[in-house]
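Dear colleague,

I am passing on the structure below, together with some notes on what turned up when its charged side chains were examined. Please read the notes with the structure open beside them.

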Amino acid sequence: MDQDIYVIVTTKITMVHMMAQRGRPLSFNRDTALQQAMELFWNKGYEGTQLVDLTVAMNINPPSFYSAFGSKKKAFYAAVELYIKTVGAKVMDSLNEAVDVREGVRVMLERSIDVATSNRAGGCLLILGVINNSQENEDVHAYLKTVRKNTLALIHSRIEKGVKDGELPNDTNAGKLASYFFGIIQAISLQSRDGVSKEELMSLIEPAMAAIPS
């Protein structure tokens, strides 16, 4: 067979095969694969996680990965959303479901420590998912920054409610107080990544609570 004809035929066969693959239902559980991706990104961060890491963890091949998630970036976004709905929800729910704002903040910090120390690498995916704001990761960094702003807004909203309900003095600066406690959460994440023990992290809570006006 002429070489050019061989190349054309081979290319067409490959394209037909790829189209057939895309048309087939996924041969694995996407929810389970996404959970594995979340754990991997949580451990290694976005930059440290390679495609081969994801496919090995999910026990799938690259075509199946791309069929399910589209790209590493889209898989990361989906993993972060899963993290927010599961792991992160435990922290924010504890803030909003407590009997008052003081107890809510205390339990929020305790849950943040539980989360930060529950992972092998330590820390929070939303805080440590992308460390370097390099040009190639700029949009991913911006995405996580927006997610963190949403978390800060939730804390701010609960403190404002505490002021409105009379749990805190009227002159309480809800914005500054929310930023302070979100900073404590960030410190917990970073210190956990550095290997600080759960007991040591728990000892940060009492001094932090002194920031809430009586």
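The side chains of D139 and K73 meet in a salt bridge, with a distance of 2.4 Å from N to O. Since D139 belongs to helix α8 (residues 138-164) and K73 to helix α5 (residues 72-97), the pair ties together parts that are 66 residues apart in sequence. Neither description below should be read as experimental, as this is a predicted model. D139 counts as partly exposed, at 36% relative accessibility, and K73 counts as partly exposed too, at 27% relative accessibility. As general background, side chains of opposite charge can pair when their charged atoms come close.

The structure holds seven salt bridges, and two further ones are described here by their partners.

One of these is formed by R111 with D114, where the closest N and O atoms are 3.8 Å apart; the cut-off for such a pair is within 4 Å, so this distance still qualifies. Both R111 and D114 lie in helix α6 (residues 101-118), where three residues, about one turn of the helix, separate them. R111 has a relative accessible area of 33% and is partly exposed, while D114, at 25% relative accessibility, also counts as partly exposed.

Another salt bridge joins R158 and E167, and here the closest N and O atoms are 3.5 Å apart. The two partners fall into separate classes of accessibility, because buried means under 20% relative accessible area: R158 is buried, with a relative accessible area of 6%, whereas E167 is partly exposed, with a relative accessible area of 22%. Elsewhere, salt bridges that share partners join R111, D114 and K198 into one network, which you may wish to view together with the R111 and D114 pair described above.

Finally, a note on a residue in a loop. Where is T172 placed, and which residues does T172 touch? T172 is found in the loop between α8 and α9 (174-193), and at 12% relative accessibility T172 counts as buried. Leaving aside residues up to four places away in sequence, T172 touches V163, L177 and P213.

With best wishes

Methods. Residues numbered from 1 in each chain as written. Predicted model: local features only at pLDDT ≥ 70, side-chain atom pairs only at ≥ 80, totals over all residues. Heavy atoms only, no water. Helix = DSSP H or I, 4+ residues; strand = E, 2+ residues; numbered from the N terminus. Buried < 20%, exposed > 50% of the residue type's maximum accessible area, 1.4 Å probe, protein only. Contact = heavy atoms within 4.5 Å.
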